[in-house]
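This report introduces a protein chain to a reader who has not met it before. The sequence and the structure are shown first.

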Amino acid sequence: MPEWRTWQLAAGAAVLGLALSAGAVTAAGPWDSGQRKAEREWAASQSHGGTSPALEAGGEGGARHQHPARDAPAPAPSAPGVLAALGAPVPPPVESGLADALEPLLQAPALGTLRTASVIDTATGTQVYGKGDRDQMVPASTIKIATTVAALSALGPDHRIATTVEAAPDGKKITLVGGGDPTLEREDLGSLADDTVRALSDRGVGEAELTYDTSLYSGPDLHPIGPNANISPVSPLMVGEGRLDGSRSGPAPRTGDPAGDAARAFADLLRKRGLTTKGDPAPGKAPGEADPVAKHLSVPLSALVERTLTNSDNDIAEALARQTALASDEPASFEGAERAVEARLKKLQLPLSGARFADGSGLDRADRASASLLSSLLARAADPAHPELRPVLTGLPVAGFNGTLKSRYTRESPGTGMVRAKTGTLTGVNALAGTVVDADGRLLAFAFLASGTSGPEAAQSALDKLASAIANCGCEPAEGRPGNS
């Protein structure tokens with residue numbers, strides 16, 4: 001097995017990002033986060049002979065706005081490519097070659113009593129390896145791939161979630177209306193307070209009654225697992241995901257009343273700006289004749305999807321499931337979200353037989369998904385015909401670099417920097433689903449699910465070895481092709 005050095009890993013990661021950006025990314029917009037922005041800037045500089053990315057972003061293209069490229073050095077004519085570009089004319093791996101590479105690893109005792117697998121060549125949509133791939137398994141957090149695909153399909157990557165303040169015509173009653181943005185922060189409440197005080201001051205109002213509206217969601221607000229450090233009560237109004245320690249990811253102490261806490265914080269911010277509120281804020285709806293006086297919009301859905309997948313964020317995942325329900329004329333509840341997600345995925349012609357989406361986060365053991373469904377979701381996200389799904393790929397954690405895969409791959413692993421995957425972990429359940437570029441430069445989507453595992457660390461290591469095996473596999477290399485069978 002050949003060694004993978006740092007330059008090879010960097011080159012491989014670059015080829016993956018840049019090759020994909022040449023297709024689906026162009027139409028996927030917006031470019032508000034991380035890799036998506038970097039890909040756009042690279043594409044702009046390449047397609048316009050060194051034009052400033054900032055100039056391109058301003059929409060002022062054209063020859064008269066371009067900077068001359070006379071100072072740019074000429075490329076070295078003898079510099080060889082370090083990795084074949086995706087889409088190079090090499091055939092996909094054959095199933096027998098992948099079986100030789102993967103099946104011994106699938107027998108690892110750490111993977112428990114039942115393990116399933118599916119690998120799809122994204123260029124053709126063809127499954128190139130499967131083992132129990134249609135069996136329904138508890139997917140844990142890999143169900144977030146389905147949640148985010150459904151949300152993007154329903155709403156598009158540009159959608160933003162609004163939090164508003166409505167006021168009665170006389171300004172004596174104001175209502176903070178939750179729109180379902182779990183990432184609302186105290187600074188955002190401050191901006192809402194600024195606009196609210198300004199609007200009421202214009203009406204000569206210095207004192208008002210404050211209520212808060214959470215009627216957008218229905219059904220129970222507690223997840224079936226109950227109060228838990230992994231998720232707050234599911235509310236359309238909360239600040240910082242209801243976290244009490246200022247963290248942005250991972251388990252944390254949570255408030256039991258996220259909406260009430262948000263309203264009380266808003267009241268405090270109003271008072272600091274000179275608007276007195278009567279008593280404590282109480283639940284309630286704005287009067288029918290009320291009009292909006294302030295609005296805050298979340299970051300685009302594309303960025304919310306990326307954060308959901310990179311950090312395995314349960315609160316955002318549940319919010320996205322309910323946004324999908326609202327866009328599908330379903331109640332914004334666990335049950336309504338389940339129906340809406342399934343309906344959206346059905347329209348994408350995905351293998352849904354036996355699947356269940358009891359929640360959006362994967363914390364519910366009633367969820368069911370097959371390896372075939374998860375790999376098909378990722379292959380659909382890589383399909384140039386569905387650029388709206390692109391954030392699902394860009395949000396996947398990068399092995400050895402960020403998110404839930406930051407510490408799971410060593411520098412020596414052939415999967416480091418090459419594997420991008422969503423993790424899934426519950427007691428006795430472990431899963432890994434993502435994409436990887438194999439040794440021939442083919443982008444493959446994979447899913448591995450295991451149940452009956454005895455401990456997370458050993459199972460995670462076994463799953464990581466499976467993904468790394470694909471990265472190091474030509475399966476089977478023909479004359480002149482790189483890789484090992």
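## Nonpolar cores

In this predicted model, the largest nonpolar core comprises 72 residues. Leu345 and Phe446 have the most contacts inside that core. Strand 11, which spans residues 443-451, contributes the largest share of the core, with 8 residues.

Another core lies apart from this one and contains 27 residues. Leu192, Leu237, Ala265 and Phe266 are among its members. In soluble globular proteins, nonpolar side chains tend to be buried together.

## Threonine 196

Threonine 196 is located in helix 6, which covers residues 186-202. Is threonine 196 buried or exposed? Threonine 196 has a relative accessible area of 0%, and because the limit for a buried residue is under 20%, threonine 196 counts as buried.

The side chain of threonine 196 reaches the backbone oxygen of leucine 192 at 2.7 Å; leucine 192 is itself one of the residues of the 27-residue core. When residues up to four places away in sequence are not counted, threonine 196 touches Val165, Ile174, Phe266, Leu270, Val293 and Ala294. Of these neighbours, Phe266 is also among the residues of the 27-residue core.

## The chain as a whole

The secondary structure of the chain consists of 13 helices and 11 strands. The chain has 485 residues, of which 54% count as buried. Among contacts between residues at least 6 apart in sequence, 69% join residues at least 24 apart.

The chain exposes about 20,000 Å². Carbon and sulfur atoms supply 51% of that exposed area.

Note on methods
Residues numbered from 1 in each chain as written. Predicted model: local features only at pLDDT ≥ 70, side-chain atom pairs only at ≥ 80, totals over all residues. Heavy atoms only, no water. Core = buried A, V, L, I, M, F, W, Y, C linked by side-chain atoms within 4.5 Å. Buried < 20%, exposed > 50% of the residue type's maximum accessible area, 1.4 Å probe, protein only. Helix = DSSP H or I, 4+ residues; strand = E, 2+ residues; numbered from the N terminus. Polar contact = N/O pair within 3.5 Å; in protein donor to acceptor, adjacent residues only side chain to side chain. Contact = heavy atoms within 4.5 Å. Areas by Shrake-Rupley, 256 points an atom, 1.4 Å probe, with all protein chains shown as cover.
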